[in-house]
Amino acid sequence: MSNLPSVEELPEAIIARFGTQKAKTGNWRTNEIEIDQDKCDFCMRCVVFCPDGAIKVSEGKLKMDLDYCKGCCICIEECPKNAIKEERKVELP
Amino acid sequence: MMEMSEKIDLDQFDKEEFLGPSLKSCPGCSATIVARFALKALGKDTIVIIPASCLATLLATNTQTGIKIPYLHALFECGSSTATGVKHAMMRKGKENVNVVTIAGDSGSMDIGFQALSGAAIRNEDIIHICYDNESAMNTGGQLNSCTPFGARTPDWPLGKRLMKKDAPSIMAAHNIPYVATASISHLEDFYMKLKKAKKIKGFRYIHVLSPCPISWGYDGRYTVEIARKAVESGLWMLYEIENGSFNLTYKPERRIPVEEYLRMQRRFDTLTDDDARKVQEIVNELWRRYEE
Amino acid sequence: MNKIELLNGNEAAAYGAMLSGAEIIPVYPITPQTPLIHKISEFIAKGEFDADLIHLESDQSALAAAVGASLGGARVFTATNSQGLLYMAEVCYYASGLRVPIVMAVINRAVSSPHSRYPDHSDAMALKSSHWIQLFCETNQEVLDTAIQMFRICEDRRVLLPGMFSYESYLLSFTWENVEVPEQEKVRKFVGEYNPEHIILDPDDPMTINAPTTPDYLTEFRYKQKIAMDNALKVIREVGKEFQREFGRFYGLIDPYRVEDAEFVIATMGTIASTAKEVVDEMRAEGKKVGVLRIRSFRPFPREEVKKALKSAEAVATIDRNFSAGSNGALYDEMRSALYNTGIPVKGYIAGLGGRNVSKNDIREVFEDLIQKERLEEISWINLRG
């Protein structure tokens with residue numbers, strides 16, 4: 001409790017400012033996801049359909065931000081080149 | 001697997017991101033896709049009002065938020081009425097250009113939120129309403145609502161719904177508002193184009209997006225986009241817009257796939273008999289027959 | 001020059017909203033609030049009042065729109081009562097939690113069932129825990145003056161809470177009285193501008209409002225509402241005094257009438273106090289030391305002032321125009337709590353429900369009960385057909 005703001009430190013009502021939410025939701029993932037850069041043809045389908053915005057274009061490559069990728073695998077299903085691979089760490093029921 | 005040679009030109013979408021990471025959505029959730037592209041299209045001079053829903057819940061917690069533009073978490077039934085007040089304040093304060101947008105679920109739009117929505121629409125308030133439709137009251141665990149389709153089972157209706165899905169876009173069109181459109185998260189360019197168009201129109205604008213939910217619909221989250229696409233390709237979910245009363249089909253499946261290909265991917269249709277599936281197919285056929293006429 | 005006009009309570013409230021410069025007025029009609037809306041529409045139609053009157057499709061939507069408009073930075077007024085107020089209930093809590101200083105007229109009317117369009121306080125009392133300031137008026141002059149004061153009180157930085165000011169349906173809403181209407185400019189100056197800094201929906205100052213909370217936060221925000229309500233005790237007094245300097249009339253948290261040396265006091269709210277004041281004059285002439293303590297501020301409840309005002313009282317009666325089955329009238333509970341440990345007995349009366357008349361004779365009988373120390377510490381119903 002000690003790290004939380006006191007009554008006086010809090011504003012009148014419950015408000016929040018952008019940039020404060022930082023929890024690494026990538027740790028929800030039960031699998032590992034990897035992009036095979038050789039197979040990727042930059043169709044960008046994985047970029048737009050990633051619900052977490054975790055795939056970014058960086059230095060001419062598509063990069064998976066594993067801090068936030070929840071491992072849903074929409075990117076794998078949407079990739080026409082089969083360039084994204086999943087390795088399960090935990091078997092789901 | 002669908003034919004997917006289609007490349008997506010990123011340049012058609014505005015670059016700025018208004019949703020940060022750390023959103024507390026389930027893996028494979030499509031609500032964040034709806035919000036991400038809606039906000040990209042509308043831009044930074046936007047205020048978003050979201051009544052109680054998954055989306056309202058997953059964006060922020062306590063004093064932490066993952067959304068960059070002003071966002072008000074509204075009461076469940078008060079999305080459109082709260083937005084009405086906000087828009088009038090903007091007009092009063094000389095900020096007419098601020099887009100006021102409500103993003104509500106199907107319950108917050110068509111059930112508990114319907115009175116306020118209908119009221120705002122008939123007053124032709126200068127608001128954009130986006131209904132992201134996951135066809136159940138999902139933030140409470142996927143209970144049956146008026147947008148649950150025929151045959152789908154829910155935790156509170158385990159034998160499958162025997163009633164029809166509410167035709168939300170037609171109801172909204174009957175309010176004679178300047179713009180009504182349907183969309184699907186699988187057809188992002190189409191959705192985005194409609195948002196951009198809506199942004200330019202004054203008055204009440206309504207966009208109804210099919211937004212599959214892996215938890216409620218019973219499928220692996222990896223198929224979220226594929227399922228939405230099958231809903232469109234089977235003809236079950238028609239993509240159209242009604243601008244000032246004139247109907248325009250914005251996407252026509254080249255060859256409609258059997259609707260069962262869509263239905264049988266989802267555990268919520270486990271109790272759907274073959275006869276029921278044929279009934280759904282007939283409904284779809286009739287929808288397109290009416291359109292062709 | 002101030003002008004004297006013949007106004008009913010609703011018209012007085014409409015004047016209050018206009019003179020204070022309400023910018024956005026979202027409404028939904030309900031009897032007996034409607035003439036208030038008619039008057040405001042008339043002001044607007046005549047070009048005398050530059051306000052945005054929004055016709056919502058329900059009471060609940062009206063208050064939700066009021067919250068939205070206030071969050072957008074506008075000064076907001078609305079009005080409702082009875083069924084309408086209860087339909088707004090959820091939004092009432094929402095508004096006070098968001099700390100939006102909406103001012104709302106509540107034209108007290110009984111709540112169905114049985115269906116009734118007549119006055120009692122059960123509507124406002126149902127919302128006594130919604131963290132709104134609640135003031136109760138006795139005359140149409142007070143209605144107009146309180147509307148003006150309300151904006152100052154609610155928008156005060158130390159308070160920032162929404163507020164209801166109440167006046168009884170028919171007895172005030174549809175009764176005409178001479179009312180002094182203060183000058184527009186003077187009122188605008190008194191009320192000032194509303195420039196919210198604590199909470200705003202504005203793309204130039206983006207914030208997320210009302211994120212779901214874990215158990216780590218709600219307690220502190222609720223406590224902040226308590227602090228605001230405590231501050232309101234001071235602010236209501238301050239605003240009352242300043243109003244008196246500007247306009248010559250004083251209203252505080254309580255309205256004690258011949259109470260200083262009174263041995264037997266009736267505590268009540270609203271118009272019952274007017275009748276009681278007449279009875280006090282008559283009984284004083286007969287040599288009986290009686291008085292009336294009208295509670296103007298029910299939220300915040302001014303415990304200390306009440307205790308101080310009643311220091312010479314031997315016994316107190318409360319007359320409640322509301323009732324909670326299984327418990328008591330709301331004022332009775334508050335008064336017992338305020339007078340706890342003082343040794344002053346409090347006898348409760350329920351009267352005037354659903355518009356039942358409370359006559360001078362009824363009041364006199366209450367005083368007689370007190371004087372004869374009849375069944376003190378009990379609850380009696382006045383004019384109940386046994």
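Start by selecting Tyr71(B) and Thr208(C): in this predicted model, Tyr71(B) stands opposite Thr208(C), a residue of strand E9 of chain C.

**Stop 1: strand E9 of chain C and its neighbours**

Keep Thr208(C) in view and extend the selection to the strands around it. Strand E4 of chain B, residues 71-74, runs parallel to E9(C), and two bridges pair them. Now bring in chain A. Its strand E1, residues 15-18, is also joined to E9(C) by two bridges, but here the strands run antiparallel. Which residue of E9(C) is the bridge partner of Ala16(A)? It is Thr208(C), the residue that Tyr71(B) stands opposite.

**Stop 2: the side of chain C that touches chain B**

Colour chains B and C separately and pick out the residues in contact. You should find 37 from chain C and 34 from chain B. On the chain C side, look for strand E2 (24-27), strand E3 (52-55), helix H3 (59-71), H5 and E9, each of which gives two or more residues. Which element of chain C has the largest share of this side? Select H3(C), which supplies nine residues. If you colour this side of chain C by residue class, 21 residues come up as nonpolar, 10 as polar and six as charged.

**Stop 3: the side of chain C that touches chain A**

Swap chain B for chain A. Here 19 residues of chain C are in contact with 11 residues of chain A. Helix H5 (89-98), strand E9 (208-209) and helix H9 (218-247) of chain C each contribute at least two residues to this side. H9(C) gives the most, with four residues. By class, this side of chain C divides into 10 nonpolar, five polar and four charged residues.

**Stop 4: chain C as a whole**

Hide the other chains and zoom out. Chain C has 13 helices and 16 strands. Its radius of gyration is 20 Å, close to the 21 Å that the globule rule gives for 386 residues, so chain C is as compact as a globular protein of that length. Turn the C-alpha trace along its principal axes and you will see a span of about 65 × 55 × 45 Å. Colouring by burial marks 56% of the 386 residues as buried. For a sense of how the chain comes together, take the contacts between residues at least 6 apart in sequence: 80% of these join residues at least 24 apart.

**Stop 5: two domains**

Still in chain C, select residues 3-247 for domain 1 and 254-381 for domain 2, following the domain assignment. The centres of these domains, taken over C-alpha atoms, are separated by 27 Å. Their contact takes 24 residues from domain 1 and 20 residues from domain 2. On the domain 1 side, helix H6 (122-126), E6 and H9 of chain C each supply at least two residues. H9(C) has the largest share here, with five residues; this helix also gives the most to the side of chain C that touches chain A. The classes on the domain 1 side are 15 nonpolar, four polar and five charged residues.

**Stop 6: a five-stranded sheet**

Next, show the strands E4, E5, E7, E6 and E13 of chain C. In that order they form an open sheet with mixed pairing. Why is one side of E4(C) and of E13(C) left without a neighbour in the sheet? Strand E4 (77-80) and strand E13 (297-299) stand at the edges and each has a single partner strand, so one side of each has no neighbour there. Looking across the sheet, you can follow a twist that averages 20° from one strand to the next.

Zoom in on E4(C) and strand E5 (103-106): four bridges pair them in the parallel sense. Label Thr78(C) to find its bridge partner in E5(C), Met104(C). Then add helix H7 (140-155) of chain C, which packs on the sheet and touches E5, strand E6 (133-136) and strand E7 (163-166). The direction of H7(C) makes about 165° with that of E7(C).

**Last stop: a buried helix in chain B**

Bring chain B back and select its helix H9, residues 224-233. Buried residues make up 10 of its 10, so H9(B) is largely enclosed by the rest of the structure. Among them are Glu226(B), Arg229(B), Lys230(B) and Glu233(B). Show chain A as well, since the buried residues of H9(B) pack against helix H1 (45-49) and helix H2 (74-78) of chain A. From chain B, their packing partners include strand E7 (179-184) and strand E8 (205-210). Finish just after the helix, at Gly235(B), which takes a positive phi of about 85°.

Note on methods. Residues are numbered from 1 along each chain as its sequence is written. Chains are lettered from A and ligands numbered from 1 in the order in which they are written. This is a predicted model: local features need pLDDT of at least 70, side-chain atom pairs count only at pLDDT 80 or more; totals for chains, interfaces and linings use all residues. Two strands pair if DSSP finds at least two bridges between them. Axes are lines fitted to C-alpha atoms, for helices over the stretch in contact, and angles run from 0 to 180 degrees between N-to-C directions. Two residues are in contact if their C-beta atoms, placed from the backbone, lie within 7 Å. Ala, Val, Leu, Ile, Met, Phe, Trp, Tyr, Cys and Pro count as nonpolar, Asp, Glu, Lys and Arg as charged, and the others, Gly among them, as polar. Domain bounds come from an automatic or database domain assignment. A residue is buried if 20 or more other C-beta atoms lie within 10 Å of its own, exposed if 12 or fewer, and partly exposed in between; C-beta atoms are placed from the backbone. The radius of gyration is taken over C-alpha atoms; the globule rule is 2.2 Å times the number of residues to the power 0.38.
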